[in-house]
Amino acid sequence: MKNKVAFITGVTGQDGAYLSELLLKKGYTVHGLKRRSSLFNTDRIDHLYQDPHIENRNFVLHYGDMTDSTNLIRLIQEIQPDEIYNLAAMSHVQVSFETPEYTANADGIGTLRILDAVRLLGLEKKTRIYQASTSELYGKVQEVPQSETTPFYPRSPYAVAKMYAYWITVNYREAYGMYACNGILFNHESPIRGETFVTRKITRAVSRIALGLQDKFYLGNLDARRDWGHAKDYVKMMWMILQAEEAEDWVIATGKTTPVRDFVRLAFNEVGVELEFKGEGVEEKAFVKACNNPDYQIEIGKEILSVDPKYFRPTEVELLIGDPTKAKEKLNWEATYDLPALVKDMMQGDLKVMQKDQHLKDGGFTTFNYFE
Ligand code: NDP
Ligand code: GDR
């Protein structure tokens, strides 16, 4: 039987990288859409790179952009994919308040461009489409836990754009009989998570503080609660969704929720540091209460975290907790990482990254930490 062919938009992102690995292991030929950038932007997939001079490669990258329909139509025509995973998006909620029109274009209309390219090319019966939908659709709490039937109330330009993408996917399924599904994924993280999402921002900062590369860091809303899983578990489910008999929409989550503050505590626990939080709201700060690891000498009583209101969002999503019952019962999917295992994996990754920085610093080179 011929190997399946997949087209992944957002291949250079966290999920694109893990999904590429998974599909290549399953014997797929993987085509990925990458944006042109002035510096290389393929760090997460460099280990999968194949010399373009080799014939019959099974991992191929193409330049393109979600805002360019002619490019998407041409690529889909050339690739003739069995499966499209539409993961490309301006995916940062806070940044979407600053770039609302671009976010609507890339995340909302971009999804339409993919669906319509498949329809225009007459691939409706061949090509299955996975749309990267999000728990941000639930926004302002309507019910908990949130399931496939919970009403949406988006709270950011990102979420509103993703709401258009969600419904246009449902509409093309119903109107044209396309196999197109939404995976409504709750937050999922990993050692290759983007550096400005809160979990990675925390694990990077904690690693730098433990190694003496940085004194303190700043966060926004410590009370926000998220249902955090591991990206490796979630990309498995993306593939399972497209193998199911019927095209449907699915919630993927762990079913547990945790405040940002407790993620900070767990990350510091990984380097043997116990914290004490004092104050409330924008006055809240965290101090070192105990340091039980001889490898990391952090002064007791030191202030290592402050709240900075610049990280507060104009409208916030306070509480997310997903109900993955449908995915468990119908597809037998279950998360294999719990939160402590996720934090451990991320901390191990960032301690290694920061040890490299430490060597650079010891060698007289400048290292940077961006507070974003
Ligand atoms: P990332 O931000 O890590 O990756 C986003 C990818 O999209 C990158 O490859 C990026 O390219 C690419 N991209 C952005 N804009 C464009 C554009 N205009 N044209 C082409 N490519 C573009 O996101 P994740 O991997 O974390 O998430 C994957 C998808 O899942 C996203 O759609 C996200 O919104 C959604 N999602 C994510 C969740 C999560 O918790 N991770 C939860 C629910 C949904 P570049 O590398 O050049 O920036
Ligand atoms: P989110 O992820 O908005 O849920 O979107 P993020 O990690 O950015 O925020 C989670 C929560 O942490 C609070 N927070 C901070 N967030 C950031 N980024 N930086 C901070 O300093 C900070 N301090 C507190 C936020 O206010 C928020 O409540 C992610 C993205 O991957 C989306 O693409 C995806 O759709 C959703 O998850 C599910």
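Modeller: Before you read any UniProt label here, know that its positions follow the numbering used in this structure, that feature names are shortened, and that annotations may be inferred rather than shown by experiment. Also keep in mind that this is a predicted model.

Colleague: Good to know. Which residues does UniProt list for "domain: NAD(P)-binding"?

Modeller: The UniProt record, an unreviewed entry, gives residues 7-346. In the model, that span is 36% helix and 19% strand, and its end C-alpha atoms are 28 Å apart.

Colleague: Let's try the strands. How many bridges join strand 1 to strand 4?

Modeller: Strands count as paired if DSSP finds at least two bridges between them. Strand 1 and strand 4 run parallel and share 4 bridges, with Ile 8 opposite Tyr 85 of strand 4. Strand 1 (5-9) also pairs with strand 2, again in the parallel sense, over 5 bridges. There, Phe 7 has His 31 of strand 2 as its bridge partner.

Colleague: And what about strand 4 and strand 5?

Modeller: Those two are parallel as well, with 4 bridges. Ile 84 sits opposite Ile 129 in strand 5.

Colleague: Which way do the side chains of strand 4 point?

Modeller: In a regular strand, side chains alternate between the two faces of the sheet. In strand 4, Glu 83 and Tyr 85 point one way, while Ile 84 and Asn 86 point the other way, and all of them are buried. Strand 1 is mostly covered too, with 4 of its 5 residues buried.

Colleague: Now a helix. How do I check the span of helix 1?

Modeller: Work with 1.5 Å a residue: the 12 residues of helix 1 should span 16 Å, and the end C-alpha atoms are 17 Å apart, so the two agree. Many names turn up on its buried list, including Gln 14, Tyr 18, Leu 19 and Leu 23. What covers the buried residues of helix 1 includes strand 1, strand 2 (29-34), strand 3 (59-63), strand 4 (83-86) and helix 7 (231-243). Just after helix 1, look for Gly 27, which takes a positive phi of about 90 degrees.

Colleague: Is Asp 215 buried or exposed?

Modeller: The cut-off for exposed is 12 or fewer other C-beta atoms within 10 Å. Asp 215 has 12 such neighbours, so it counts as exposed. You'll find Asp 215 in the loop between helix 6 and strand 8 (217-219). Its C-alpha atom is 41 Å from that of Thr 67, a residue 148 positions away along the chain.

Colleague: On to the ligands. Which residues come nearest to ligand 1?

Modeller: Of the 26 residues around ligand 1, they are Gly 10, Gly 13, Ala 88, Ala 89 and Ala 132. Helix 1 (14-25) and strand 5 (128-134) are the elements giving two or more residues to that shell. Helix 1 gives the most, with 3 residues. Sorted by class, the shell has 9 nonpolar, 14 polar and 3 charged residues.

Colleague: And which come nearest to ligand 2?

Modeller: Ser 91, Thr 134, Val 198, Gly 220 and Ala 224, out of 22 residues around ligand 2. Here the elements with two or more residues in the shell are helix 3 (93-98) and helix 6 (198-210). The classes come out as 9 nonpolar, 8 polar and 5 charged residues.

How values were computed
Residues numbered from 1 in each chain as written. Chains lettered and ligands numbered in written order. Predicted model: local features only at pLDDT ≥ 70, side-chain atom pairs only at ≥ 80, totals over all residues. Near = placed C-beta within 6 Å. Nonpolar A, V, L, I, M, F, W, Y, C, P; charged D, E, K, R; others polar. Buried ≥ 20, exposed ≤ 12 C-beta atoms within 10 Å, placed from the backbone. Expected span 1.5 Å × (residues − 1). Contact = placed C-beta atoms within 7 Å.
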